[in-house]
Amino acid sequence: MKIDLSKYLSKLSIVLFAATIKNNIYKTNIIDSPITIPPYSSSFNEPIVDEGINDDIIKHEAVAYRNNHIVKYGNDISHYQGEIDFKKFVAHSSFAICKLGEDFKIDPTFYSNINNAIKYNIDVGAYLYSHADNEEEARKEARFVISSLNSLSLRGKLTYPIYLDYEEKSIKNRTKEENTKIINAFCDELLSSSYYPGLYIGGNNYLNYTFQEEISCDIWIAHYFNGSSEEKLNTFFSRYPSSRVTMWQFDDGTYSSSSIKGSDLGVSSSYVDQNYAFVDYPSIIKEKGLN
């Protein structure tokens, strides 16, 4: 994805953050040997939970670091990553969010990436890079996504949301209300066809160019922080307290000298985006009967 790092803090060395989960063990259904993760100190501040959130299709109660909700590591991938060796990929990642396309064209690697991920029991979602300037264009993009997924016989196979990748510079030329309506038009159109929608957006754009409380779907934030693991985690949840913020893109592989590189994941490109999911999407989507 195209994130302008100049919007964020200057590059300094960071490390992959650890997560407090039951027994301090990070497990997925695809890794034979669990990865031990150090615990956080008792000073860790739990994320603020929105009061009065209805437990409906989108505004669910599942919140990171509460009641032993799991945390998973995964990557978003597209043709920019080139050919991927999924035997290596599966050793590190429990989910892959695959670029479906943009400009009403399917990404040339989408079908192979998503099917290879499924072959190796990696949970999958998708994203569309948006160029929508108004609500109707957003609905057209959503209908393109729906048509593409259906035509590729992917109904019932996606275990993560289908995201609107909303990061064009034109965001800043629109009002908060206009941006929010575009986002919701896309999400509402997907939901009407029983697909689980989500929004991918840079942290600055989310805070300054949308009405956060009016966004009707789950949110995946791209924001890279400096500091210790605990400081980064506390900063993230204090900056983005909504329970609708359910995923974090914390690095694109260039921000930290200790980042996982493309070669570690079997990816042809040097770098790859890195993400944490704060909710158990496969279970949520199955429960809701979506995708």
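Strand β3 and strand β11 (residues 274–277) pair in the antiparallel sense, with three bridges between them. In this predicted model, that pairing is a handy way into the fold. Within it, Lys72 of β3 has Ala277 of β11 as its bridge partner. On the other pairing of β3, with strand β4 (residues 95–102), the sense is parallel and the bridges number four. Here Asn75 is matched with Ala96 in β4.

As for how covered β3 (residues 72–77) is, six of its six residues are buried, so the strand counts as mostly covered. The side chains split into two sets: Lys72, Gly74 and Asp76 point one way, while Tyr73, Asn75 and Ile77 point the other way. Both sets are buried, charged residues such as Lys72 and Asp76 included.

Strand β11 also pairs with β10, this time through four bridges and again running antiparallel. Asp251 is bridged to Gln274 of β11 in that pairing. Strand β10 (residues 245–251) is another mostly covered element, with seven of its seven residues buried. Its pairing with β9 is parallel and likewise rests on four bridges, and there Ala222 sits opposite Gln249 of β10.

Just past β9 (218–222), the loop that leads to α6 (229–239) holds Phe225. With a relative accessibility of 5%, Phe225 counts as buried. What separates Phe225 from Phe250, in sequence and in space? The two are 25 residues apart along the chain, and their C-alpha atoms are 7.4 Å apart.

A similar case turns up around β4. Ile122 belongs to the loop between α2 (110–119) and β6 (123–129), and at 3% relative accessibility it counts as buried. Phe95 is 27 residues away from Ile122 in sequence, yet the C-alpha to C-alpha distance is 5.3 Å. Phe95 falls within the span of β4 (residues 95–102).

Tyr281, in helix α7 (residues 281–288), is a further buried residue, with a relative accessible area of 0%. Leaving aside residues up to four places away in sequence, Tyr281 touches Thr159, Tyr160, Pro161, Tyr163, Tyr196, Asp218, Thr246 and Met247. Among these, Asp218 is part of β9 (218–222), and Thr246 and Met247 are part of β10 (residues 245–251). Tyr281 can also be set against Val124: the pair is 157 residues apart in sequence and 9.9 Å apart in space, C-alpha to C-alpha.

Turning to the helices, two packed helices are described by the angle between their axes and the distance between the axes. For α3 (residues 135–151) and α4 (residues 176–192), the axes come within 8 Å and cross at roughly 30°. That makes α3 roughly parallel to α4, since angles under 35 degrees count as such. The crossing of α3 and α4 is right-handed. From α3, the residues in the contact are Glu135, Ala138, Arg139, Glu141, Ala142, Arg143, Val145 and Ile146, and they meet Lys181, Ile182, Ala185, Phe186, Glu189 and Leu190 of α4. By type, the contact of α3 with α4 comprises eight nonpolar residues and six charged ones, with no polar residues.

Then there are a couple of backbone oddities. Most residues other than glycine have a negative phi. Asp103, though, has a phi near 55°, a positive value in a non-glycine residue. Asp103 sits in the loop between β4 and β5 (105–106), and its relative accessibility of 46% makes it partly exposed. Ser194 is also not a glycine and has a positive phi, of about 65°. Ser194 lies in the loop that runs from α4 to β8 (197–202), and it too counts as partly exposed, at 33% relative accessibility.

Stepping back to the whole chain, there are seven helices and 11 strands. Of the 291 residues, 54% are buried. What share of the contacts with a separation of 6 or more comes from residues 24 or more positions apart? The figure is 73%.

Technical notes. Residues are numbered from 1 along each chain as its sequence is written. This is a predicted model: local features need pLDDT of at least 70, side-chain atom pairs count only at pLDDT 80 or more; totals for chains, interfaces and linings use all residues. Side-chain values use heavy atoms; hydrogens and water are left out. Axes are lines fitted to C-alpha atoms, for helices over the stretch in contact, and angles run from 0 to 180 degrees between N-to-C directions. Angles under 35 degrees count as roughly parallel, over 145 as roughly antiparallel, 65 to 115 as roughly perpendicular and the rest as oblique. A crossing is left-handed if the near helix is turned anticlockwise from the far one by less than a right angle, and right-handed if clockwise. Contact means heavy atoms within 4.5 Å. Buried means under 20% relative accessible area, exposed over 50%, partly exposed in between (1.4 Å probe, protein chains only). Two strands pair if DSSP finds at least two bridges between them.
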